[in-house]
Amino acid sequence: MSTTQSERLRELLEPLVASQGLDLEEIAVDSVGRKRVLRVVVDSDTGADLDQIADVSRALSAKLDETDAMGEGEYTLEVGTPGAERLLTEHRHYLRATGRLVKFQLTEGGELVARILKVDDEGLDLEVPGVKGRKATTRRLGFPDVTRARVQVEFNRKDKKDMKEEEEA
């Protein structure tokens with residue numbers, strides 16, 4: 001997708017997404033065979049439920065129908081939320097990932113897998129899991145030290161409720 005088309009679509013769609021209480025995270029137009037697919041990714045601090053996704057999808061579809069932003073040909077509109085292993089690129093993404101396990105590519109080289117405990121304007125307080133029976137440690141990581149960060153899927157993660165129950169037992 002050309003930058004100008006991407007910018008035009010963002011300018012057109014972002015106010016509609018914001019009016020639904022969501023952030024416009026990503027726009028992509030892909031060709032799938034002869035058809036085009038417009039993928040719009042939305043999110044918020046509390047996530048987006050199916051009703052919100054449906055509402056924003058209807059609003060975007062109506063707006064796109066009344067403009068020529070997608071040109072003449074057929075296209076399919078897909079509206080969704082970021083995937084489970086989302087890439088963290090904005091400050092708000094880090095805030096939303098508090099409590100989650102993240103894989104960091106470090107500017108000094110190497111990588112670090114740690115749980116985000118706290119986020120401020122300068123960086124992150126992390127909990128680095130212990131290895132081979134060792135206790136977890138904490139570490140401070142400044143945003144300039146991060147080249148790339150991606151949320152990791154955890155299948156056996158204990159949520160806050162489970163950890164609180166264990167502490168009380």
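Trainee: What makes strand 5 and strand 6 (residues 123–128) a pair?

Mentor: Four bridges join strand 5 to strand 6, and the two run antiparallel. A pair needs at least two bridges, so strand 5 and strand 6 qualify. The model is a predicted one.

Trainee: Which residue stands opposite Val 119 in strand 6, and how many residues lie between strand 5 and strand 6 in their hairpin?

Mentor: Leu 124 stands opposite Val 119. The hairpin of strand 5 and strand 6 has three residues between the strands.

Trainee: How do you know that strand 6 also pairs with strand 7, and which residue of strand 7 stands opposite Glu 127?

Mentor: Six bridges link strand 6 and strand 7 in the antiparallel sense. The cut-off is at least two bridges, so this is a pair as well. In strand 7, Thr 138 stands opposite Glu 127.

Trainee: What makes strand 4 (residues 101–106) a partner of strand 5 (residues 111–119)?

Mentor: Five bridges join strand 4 to strand 5, and the two strands run antiparallel. With at least two bridges required, they therefore count as paired. Gln 105 stands opposite Glu 111 of strand 5.

Trainee: In what order do the strands of this open sheet lie?

Mentor: The sheet has five strands in the order 7-6-5-4-8, with antiparallel pairing.

Trainee: Why are strand 7 (137–142) and strand 8 (146–151) called edge strands?

Mentor: Each of them pairs on one side only, so both are edges. From one strand to the next, the twist in this sheet averages 40 degrees.

Trainee: What makes the pairing in the three-stranded sheet mixed?

Mentor: Its strands lie in the order 1-2-3 in an open sheet. Strand 1 and strand 2 pair in the antiparallel sense over nine bridges, whereas strand 2 (residues 35–43) and strand 3 pair in the parallel sense over six bridges. Both senses occur, and the pairing is therefore mixed.

Trainee: Which strands are the edges of that sheet, and what is its average twist?

Mentor: The edges are strand 1 (23–32) and strand 3 (75–80), each pairing on one side only. The twist averages 15 degrees from one strand to the next.

Trainee: Which residues face each other across these strands?

Mentor: Val 29 has Leu 38 of strand 2 as its bridge partner. Arg 39 stands opposite Glu 78 in strand 3, and the bridge partner of Val 37 in strand 3 is Thr 76.

Trainee: What is the handedness of the crossover from strand 2 to strand 3?

Mentor: The chain goes from strand 2 through helix 2 to strand 3, and this β-α-β crossover is right-handed. Right-handed means that, with the strands pointing away from the viewer, the path over the helix runs clockwise.

Trainee: What is the phi of Gly 33 in the hairpin of strand 1 and strand 2?

Mentor: Gly 33 takes a positive phi near 65 degrees, in a hairpin with two residues between the strands.

Trainee: What lines the largest pocket, and what is its volume?

Mentor: The largest pocket has a volume of about 210 Å³. Its lining has 14 residues, and Asp 43, Gly 83, Arg 86, Arg 96 and Arg 100 lie nearest the centre.

Trainee: Why does Gly 83 count as polar there, and how do the classes divide?

Mentor: Gly is placed among the polar residues by the class scheme, so Gly 83 is polar. The lining has five nonpolar, four polar and five charged residues.

Technical notes. Residues are numbered from 1 along each chain as its sequence is written. This is a predicted model: local features need pLDDT of at least 70, side-chain atom pairs count only at pLDDT 80 or more; totals for chains, interfaces and linings use all residues. Side-chain values use heavy atoms; hydrogens and water are left out. On a 1 Å grid over the protein atoms alone, a cavity is a set of points where a 1.4 Å probe fits but cannot get out, and a pocket is an open set with protein on both sides within 12 Å along at least five of seven lines; lining residues have an atom within 4 Å of a point. Grid points are joined across faces, edges and corners, and a volume is the space filled by probe spheres set on the points. Axes are lines fitted to C-alpha atoms, for helices over the stretch in contact, and angles run from 0 to 180 degrees between N-to-C directions.
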